[in-house]
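Here are my notes on the two-chain model you sent over. Have the structure open while you read, and work through the points in order.

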Amino acid sequence: MSVQRAVNTLGVVFFPAFDWAISPTHPERQERLLYTMDQLKEEGVFDIPGITEHKPDVASMEDIRRVHFSFPDTGSNLTSSHLISAGGAIKAGTMVLQGQEDKAFALVRPPGHHAMKVVHGGRGFCNINIEAIMVEYLREFHGVGRVAIVDTDCHHGDGTQDIYWHDPETLYISLHQDGRTLFPGSGFPGEIGGPKARGRTLNIPLPPNTSDEGFLAVMDNVVVPVLEHFKPDVIVNSAGQDNHFTDPITNMRFSAQGYAALNTKLNPDIAVLEGGYSIQGALPYVNLGIVLAMAGLDYSFVREPDYDPESLRQEQRINDYVKRVSEVVLKNYFTPPSSEVSQDKQDGYYVRSKEVFYDTSFITERQREFVLDCTNCRGLLVIETSSSKIRNCLAIEVPRGACQSCAREGERKFAEAKDSDRYSNIQYINRLEGTTQRHRT
Amino acid sequence: MLLGIDVGGTHTDAVLLDTNGLVDSAKVVTNHDDLLSSVRAALEAILTDRGQIDLERFNLSTTLCTNAIIQNELSDVGVLVSAGPGIDPNFFRIGQHYSVIPGGLDHRGTEIQSLDLDRARQTVDDWLGKDVRVFAAINKFSPRNPSHEKQMAELLDGRADFLTLGHTLSGQLNFPRRIATAYYNSAVWPIFNGFANSVHQCVQEFGLSPQLNILKADGGTMPFEQARQTPVESIFSGPAASIMGITSMCDIHEDALLLDIGGTTTDVAVFADGDPLIEAESIELEHRPTLVRAMKTKSIGLGGDSCITVQEGQLSIGPKRLGACLAQGGPAPTLVDALNSAKCFAYGDIEASDKGMQELGGSLEMSCEGFSWQVIQSFCRRIKEDAQAMLREINERPVYTVHEFLEYRKVAPKRLYLMGGPAEVLAPYISQEFGLPVVVPDNYAVANALGAAIARPTQQAELFADTEKRTMSIPVLGVFQDISSRYSLEQAKTDVKNHLRQAMADRFHMEVTEQEAEIIEESEMSMVKDIYSVGKDIRVKCQVKPGISPEYEGVVKCLCKEL
């Protein structure tokens, strides 16, 4: 055997933020990627021809505003570390789209997949959605259209789901521990996307103790066939690593071998680190496995010290469950139930009411979301939102690919809202023009 | 007095200096088959008829180990490796005798599989039977815990001529590099050791008994006794010698670039605040990256003898050298001919230059002079582009904290130093291209030997403390200690400085001040189990950087003409 050379060139954007944490003993803390760094360096990963380490970019406020309505303003819901983390994802995506690297892995923190379209504070260790910020950046500047985001974090990526709920061009697939047993308590198979994007959100909840076998079966039977049909321009892996059998805050039995094999099957263009809090027993091995799998290299010796495939085998009951849920999800994609059945409508708008709890910032939010039922496009988005911190906010988005009529309606609503004294804070995103505006009274 | 000898590819240079300046210099032709004779010849040239001198130090920069590797005059090495989980260690196989012994440690140095001593013993016995005399033992994560390397050493005790233990080479984590570095260290040991003996004897024959040091690729020196332990560090010391010489002669103390325009390449070195940049992971040997620290340099495939061609209507310079320039009767036009025809200078047969440039320029429908200027300009532009690419790479170096990201200090050269044959003529055009002042030192011919002579010992040491395990280690200094659970970053900084200063005094005969042992990286992180802090992970990197003995600082100056 001689020195390995990467089959796919891989750019690794590594930013462990060793001086940033939510709080000193929080799971998402300084030390989180320390042993991953040690393992990657000791393995000489960045000396392998074809694997290169890169410094992240820093995201601009405009990159965040393109995606999020953030109250009272964007700056107050994030820190420099978030901008660098999002900038790391942007760097990863840009390198791939520019052809500088075949694939890229943003090994950055803090994570982002619990951050929703509207942000009042931190949820599930997330303040801004770094994948969505990257995807919308790539759409704005690199002509990307259809995107698939496959979220393999143990927690349902309710933030990413929320951002892309109405977007038929973004397929969001989440594999996660059943919401009845874990934060954030959502992600059931019936959540399949808004009226104009039915089947573009797919949720595959898995029971506690699901192991490699279950995850890989879902890849083979659901994810891969759906992706083959959807034909995305770009596949993004929200690479959370907390399905690991040693993770302290979840209950699954996934292994480094499993994560690496999942990556081989998924073959993502871009991976972005999400959760994963077994910082000694899992992350060093899982991250190494993902890096090697993305580069197309041998990972057969990447095993946790306490890895025992026999003791991690899943019960027959789980096999049966996985099979059943896979059938349901496949049906949700290929023949989604009609939107008229389940969605309330008011003055030509589909209406959805939500309550959101920001567990990291201890804020509650109530919102009413309106999507114009337009025959020409996915429809103007309007959200009324109030939180325990700030009341009566309004958010308006003229989405990508909106028709002129929706654009005019958005403009009119923004002007009308500014003139009225109903709202304390109005935020307006116009993706047709590539502009954002803020208005506060 | 100091004596410096640089055994280079073509010439061996020597200088003798005292605190008042240069006493003498000499140049002899290098004999590749017998480097010792070159050293002896240089010594003779300097010392004959000089009478008794008080020689304090003799610093030697030699291509001995580099040549041994390039010409594959390496000894067979028995390489024992233990790995644990990760990349299959068979991918790092090197040499004829390489064996992966079952056993492994994790990233915190915790043993997860004990070393299979029976297997190791059998392997060693087998190799000894095949007359393998030198060995290398490397375990994954040995800077965290070298216990497997030490167990392998015990097995070999008294039976090997030489053994390299991975953790003694560097505290840097990089298993494949540590394997390659340990392998080469053992593979060149027999040649180096013999050479060191001969040089020692040779110096004695001249009636001298100075401290004997070898120059390293990072611009520092190590005494012969130390070099016998880490001969691999003497590779590629030539460029470091020149850079140290120029640093001393020109008194550089800001961000700067040094461009050395040779026959076929232009070598670039970078200074930050006057210190040459050093890389911990730079040198490759036979395409194997190593852990040998070296001056950060880049070789651009463009020099005074690079031939000029026109292909498909496009001007191209280098990277080939077909011979001397036309002005010297060579076969093809080079930069020198372009400088002749542009009337920048008059060198050799100007008519031959003009004829060649006329012909090539004609194919592009350009006048001889116009074409010559284009060659000069595109030469300067390529140098600038490549130098800027190097700077970009340096300035894009990953950082791991928000603070460093926000406070990042970029290297931005304020001045260029230009050396080599066409330096003086090219200086105004290089200056214009870069938009920076250019300095051309005169008398740089002695820079390499001078650099060797004035260089001082360097050493880097990485301290790692784990207060949960209550252990502290400085692998390269062989320090492995128990500590209290209250051990702090401040304590770690004091410890690494003291140990480094002590080691410099013991091993390198050098008194290092508190300031000279500088902390270059430090971090302290809480280790948390569940929600309780169980200890601290403390890391400190300390170095004694390359420098010049104070009493010899600036004793040899050159006229640095700014153009």
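**Notes on the model**

1. Let's start with a small spot: Asp131(B) counts as exposed because it has 7 C-beta neighbours inside 10 Å. For burial, a residue is buried with 20 or more other C-beta atoms within 10 Å of its own, exposed with 12 or fewer, and partly exposed in between, with C-beta atoms placed from the backbone. Asp131(B) also has a positive phi of about 65 degrees, although it is not a glycine. You'll find Asp131(B) in the loop between helix H3 (117-129) and strand E8 (134-139) of chain B. Helices (H or I, at least four residues) and strands (E, at least two) are DSSP runs, numbered from the N terminus.

2. Before going on, a word on the source: this is a predicted model, where local features need pLDDT of at least 70, side-chain atom pairs count only at pLDDT 80 or more, and totals for chains, interfaces and linings use all residues. Residues are numbered from 1 along each chain as its sequence is written, while chains are lettered from A and ligands numbered from 1 in the order in which they are written.

3. Chain B has another backbone oddity at His509(B), a residue other than glycine with a positive phi near 55 degrees. His509(B) sits in the loop between helix H14 (489-508) and E27 of chain B. It is partly exposed, with 13 other C-beta atoms within 10 Å.

4. Chain A has cis peptide bonds to look at. One runs from Phe71(A) to Pro72(A), with omega near 0 degrees, and Pro72(A) is in the loop between strand E3 (69-70) and helix H3 (80-97) of chain A. Another cis bond runs from Phe183(A) to Pro184(A), again with omega near 0 degrees; Pro184(A) is in the loop between strand E7 (170-177) and strand E8 (201-206) of chain A. For background, most residues other than glycine have a negative phi, and most peptide bonds are trans.

5. Now the overall build of chain B, which has 14 helices and 29 strands. Its C-alpha trace spans about 75 × 60 × 45 Å along the principal axes. The radius of gyration is 26 Å, which agrees with the value near 24 Å for a compact globule of 563 residues. That radius is taken over C-alpha atoms, and the globule rule is 2.2 Å times the number of residues to the power 0.38. Buried residues make up 50% of chain B.

6. Chain A comes to 10 helices and 17 strands. Its radius of gyration is 21 Å, close to the 22 Å from the globule rule for 441 residues, so chain A is as compact as a globular protein of that length. Its C-alpha atoms fill a box of roughly 70 × 45 × 40 Å along the principal axes, and 59% of its residues count as buried.

7. How do the chains meet? In chain B, 38 residues are in contact with 42 residues of chain A, a contact being two residues whose C-beta atoms, placed from the backbone, lie within 7 Å. Helix H5 (175-205), helix H11 (402-406), strand E27 (518-529) and strand E28 (532-544) of chain B each supply at least two residues to this side. E27(B) gives the most, with 5 residues. By class, the chain B side has 20 nonpolar, 9 polar and 9 charged residues. Here Ala, Val, Leu, Ile, Met, Phe, Trp, Tyr, Cys and Pro count as nonpolar, Asp, Glu, Lys and Arg as charged, and the others, Gly among them, as polar.

8. Which residues have the most contacts inside the largest nonpolar core? They are Ile179(B), Tyr183(B), Leu258(B), Leu416(B) and Leu418(B), in a core of 160 residues. H5(B) gives the most to this core, with 14 residues. Such a core is a set of buried Ala, Val, Leu, Ile, Met, Phe, Trp, Tyr and Cys residues joined through C-beta atoms within 7 Å. Leaving out residues up to four places away in sequence, Leu416(B) touches residues including Ala256(B), Ile430(B) and Phe434(B). A second, separate core of 137 residues includes Val45(A), Ile163(A), Ala295(A) and Tyr358(A).
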